[in-house]
Amino acid sequence: MAKFYGVSTDYLLCLTENRNYPDTELTELHLSDSMVELLKSGRINNRLLCEIATHEDFVTLMTDTEIYVDGVATSHFQNFNSLLEVLREQVLSQYQPVEEDTALKALEAMQIQEENYFYQVTHRTWNTILHAIREAHKDDTDSAPDDSNAMKLIKDAKKALAVPGSCLDVFTALICTQLQIWYEKLSEQERTVLKNVMKKTPAYKDSPLSRMKRR
């Protein structure tokens, strides 16, 4: 089967996720020791890193990054800005415009800072990559954190707020709900005992409810 499908036996047995290159030498990948250690450490999500690196726009991101890091375009930015500055000086010397002059402001605005330019370009590409990967995983069951507990707490809090009585009644009703005790079915004596216990707990003493009066 491995020969028929052109894959390794490890891939068929789910021992590796690499279908085509199961035994690629590290020297072919040009990975540094630090990178190999990082990938093996478990400190980062290697699968997510692979998705980022194989996205169609990642090559563009790396190209722009390389241009910035190597300073390939630095001289072009400097020449362009120098030309604009010369034009600006000529306008100032010949026409003595006011500071709010539109043409003068336009010459200032046209000057491009290399750092700002590449920040905008790489940031836009990076956002595109992240958005695409997030969209690809939006239906995954394990992608988003489980907010069912938070929603249940909100629902329980709303239910407790509907309980008549003091803020202590509300707090006790909320705790009962969390403990799966039906507060409404408790006798008056049981409620009194519970409320006396709750008044002694730091959870109630430190809560805003202990300092509030219900209207």
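The following dialogue discusses how to read helices, burial and side-chain pairs in a predicted model.

Student: What secondary structure elements make up the protein chain, and how many are there?

Tutor: The model is predicted. In it, the protein chain has 13 helices and zero strands. Read from the N terminus, the order of elements is α-α-α-α-α-α-α-α-α-α-α-α-α.

Student: What percentage of the residues counts as buried, and what supplies the exposed area?

Tutor: Of the 215 residues in the protein chain, 21% count as buried. The chain exposes about 17100 Å², and carbon and sulfur atoms supply 56% of that area. As for contacts with a separation of 6 or more, 50% of them involve residues 24 or more positions apart.

Student: Let us turn to single helices. How does the span of α6 read against the expected value?

Tutor: Helix α6 covers residues 58-70, which is 13 residues. From its first C-alpha to its last it reaches 18 Å, close to the 18 Å expected at 1.5 Å a residue.

Student: Which residues of α6 are buried, and where do they lie around the axis?

Tutor: The general idea comes from helix geometry. An α-helix has 3.6 residues a turn, so residues three or four places apart point the same way. In α6, the buried residues are F58, L61 and D64. Seen down the axis of α6, they fall within an arc of 130 degrees, so they line one face of the helix. The face turned away from the buried side carries the exposed residues V59, E66 and D70.

Student: What do the buried residues of α6 pack against, and what follows the helix?

Tutor: Their packing partners are α5 (46-53) and α9 (114-136). Just after α6, G71 takes a positive phi of about 65 degrees.

Student: How does the same reading apply to α7: what is its span, and which of its residues are buried?

Tutor: Helix α7 runs over residues 74-95 and has 22 residues, which should span 32 Å at 1.5 Å a residue. Its end C-alpha atoms are 32 Å apart, which agrees. The buried residues of α7 are F77, N81, L84, R88 and V91. They cover an arc of only 70 degrees around the axis, which puts them on the same side of α7.

Student: Which exposed residues does the opposite face of α7 carry, and what does the buried side pack against?

Tutor: The face turned away from the buried side of α7 carries the exposed residues N79, L83 and Q94. The buried residues of α7 pack against α8 (102-109) and α9. Just after α7, Q96 takes a positive phi of about 40 degrees.

Student: How should one read the loop residue D57: where is it found, and which residues does it touch?

Tutor: For a loop residue, one may ask about accessibility and then about contacts that are not local in sequence. D57 is found in the loop between α5 and α6, and it is partly exposed, with a relative accessible area of 23%. Not counting residues up to four places away in sequence, D57 touches T125, T128 and I129. The C-alpha atoms of D57 and I129 are separated by 6.6 Å, although these residues are 72 residues apart along the chain.

Student: How many salt bridges are there, and which side chains form them?

Tutor: The count comes to two salt bridges. In one of them, the side chains of K138 and E135 meet at 3.4 Å, N to O. K138 is exposed, with a relative accessible area of 55%, whereas E135 is partly exposed at 37%. D169 forms a salt bridge with K195, and the closest N and O atoms of this pair are 2.9 Å apart. D169 lies in helix α11 and K195 in helix α12 (residues 188-199), so the pair ties together parts that are 26 residues apart in sequence.

Student: Are D169 and K195 buried or exposed?

Tutor: The cut-off for burial is under 20% relative accessible area. D169 has 9% relative accessibility and therefore counts as buried. K195 is also buried, with a relative accessible area of 16%.

Student: What surrounds T172?

Tutor: T172 lies in helix α11 (residues 167-178), and it counts as buried at 0% relative accessibility. A polar atom of the T172 side chain lies 2.7 Å from the backbone oxygen of L168. Leaving aside neighbours within four places in sequence, T172 is in contact with Y183, L194, K195 and M198. One of these contacts, K195, is the salt-bridge partner of D169.

Definitions and conventions: Residues numbered from 1 in each chain as written. Predicted model: local features only at pLDDT ≥ 70, side-chain atom pairs only at ≥ 80, totals over all residues. Heavy atoms only, no water. Helix = DSSP H or I, 4+ residues; strand = E, 2+ residues; numbered from the N terminus. Buried < 20%, exposed > 50% of the residue type's maximum accessible area, 1.4 Å probe, protein only. Contact = heavy atoms within 4.5 Å. Areas by Shrake-Rupley, 256 points an atom, 1.4 Å probe, with all protein chains shown as cover. Polar contact = N/O pair within 3.5 Å; in protein donor to acceptor, adjacent residues only side chain to side chain. Expected span 1.5 Å × (residues − 1). Arc of directions from axis to C-beta. Salt bridge = Lys/Arg side-chain N within 4 Å of Asp/Glu carboxyl O.
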